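Grab a pencil and work through these short exercises with the viewer open. Each one has a task, then a solution taken in steps.

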Amino acid sequence: MDDGQLYQVLSMIRKRGMRLTPQRVALVKYVLVNVEKHESLREIHEKISREMPGISVSTVYHTLKMLEELGFIKTFEINGKIHIDRPHFHVNLHCLDTGKITDVDVDLGGIAEKLGMSGLKIRNIIVEVENCGKSGEEG
């Protein structure tokens, strides 16, 4: 994340009539820097609470949903937990052994095109994998 992207996001938030509280600014900065870690809403809340005691889970949730609406992140759910993700089209590998989520950039044009012809739009692709901790590679 660069300062230009942060300024752009904060400007868009202000245009929506939302206040730029210190908590919201810290949260936006944190999410933009850490989006590739696929942290859950609860993990983000715990980490932001250390810097900004008193920030509510509701503020975190609504800010994440707003960032998603603005196109800066995507969210997805695994095992009842909301996770953040980069907004571009890719595959998420979810390791059932470790719980770790890893991005895999692959050409999915054929799949997207075929589904698109059926009127479907891919929102996320999550592939569950096992034995990922045994191969020496995390994933």
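**Exercise 1.** Find V106 in this predicted model and decide where it lies and whether it is buried, partly exposed or exposed.

*Solution.* Start with the neighbouring elements: β4 covers 101-104 and α5 covers 109-117, and V106 lies in the loop between them. Next, look at the relative accessible area of V106, which is 42%. Buried would need under 20% and exposed over 50%, so V106, at 42%, is partly exposed. As a last step, go from V106 to C95: they are 11 residues apart in sequence, and their C-alpha atoms are 18 Å apart in space.

**Exercise 2.** Work out how α2 and α4 are oriented towards each other and which residues make their contact.

*Solution.* First pick out the helices: α2 spans residues 22-34 and α4 spans residues 57-69. Their axes come within 11 Å and cross at roughly 55°. That angle is neither under 35 degrees nor in the 65 to 115 range, so α2 and α4 are oblique to each other. As for handedness, the crossing of α2 past α4 is right-handed. Now for the contact itself: α2 brings R24, L27, V28 and V31, while α4 brings T59, V60, T63, L64, M66 and L67. Sort these residues by type and you get 7 nonpolar, 2 polar and 1 charged.

**Exercise 3.** Take the largest nonpolar core and find which residues touch the most other members, then which element gives the largest share.

*Solution.* The core has 23 residues, and V28, V31, I44 and L64 are the ones touching the most other members. At least two residues come from each of α1 (3-15), α2, α3 (41-51) and α4. The largest share is that of α2, with 6 residues. For background, nonpolar side chains in soluble globular proteins tend to be buried together.

**Exercise 4.** Is Y30 buried or exposed, and what does it contact beyond its neighbours within four places in sequence?

*Solution.* Place Y30 first: you'll find it in helix α2. Its relative accessibility is 14%, so Y30 counts as buried. Setting aside those sequence neighbours, Y30 is in contact with E39, I44, K47 and I48. Follow the I44 link: Y30 and I44 are 14 residues apart along the chain, with 8.2 Å between their C-alpha atoms. Then flip the view to I44, with the same kind of neighbours left out: I44 is in contact with L27, Y30, V31, E39, V60, L64 and I84.

Methods
Residues are numbered from 1 along each chain as its sequence is written. This is a predicted model: local features need pLDDT of at least 70, side-chain atom pairs count only at pLDDT 80 or more; totals for chains, interfaces and linings use all residues. Side-chain values use heavy atoms; hydrogens and water are left out. Axes are lines fitted to C-alpha atoms, for helices over the stretch in contact, and angles run from 0 to 180 degrees between N-to-C directions. Helices (H or I, at least four residues) and strands (E, at least two) are DSSP runs, numbered from the N terminus. Angles under 35 degrees count as roughly parallel, over 145 as roughly antiparallel, 65 to 115 as roughly perpendicular and the rest as oblique. A crossing is left-handed if the near helix is turned anticlockwise from the far one by less than a right angle, and right-handed if clockwise. Contact means heavy atoms within 4.5 Å. Ala, Val, Leu, Ile, Met, Phe, Trp, Tyr, Cys and Pro count as nonpolar, Asp, Glu, Lys and Arg as charged, and the others, Gly among them, as polar. A nonpolar core is a set of buried Ala, Val, Leu, Ile, Met, Phe, Trp, Tyr and Cys residues joined through side-chain atoms within 4.5 Å. Buried means under 20% relative accessible area, exposed over 50%, partly exposed in between (1.4 Å probe, protein chains only).
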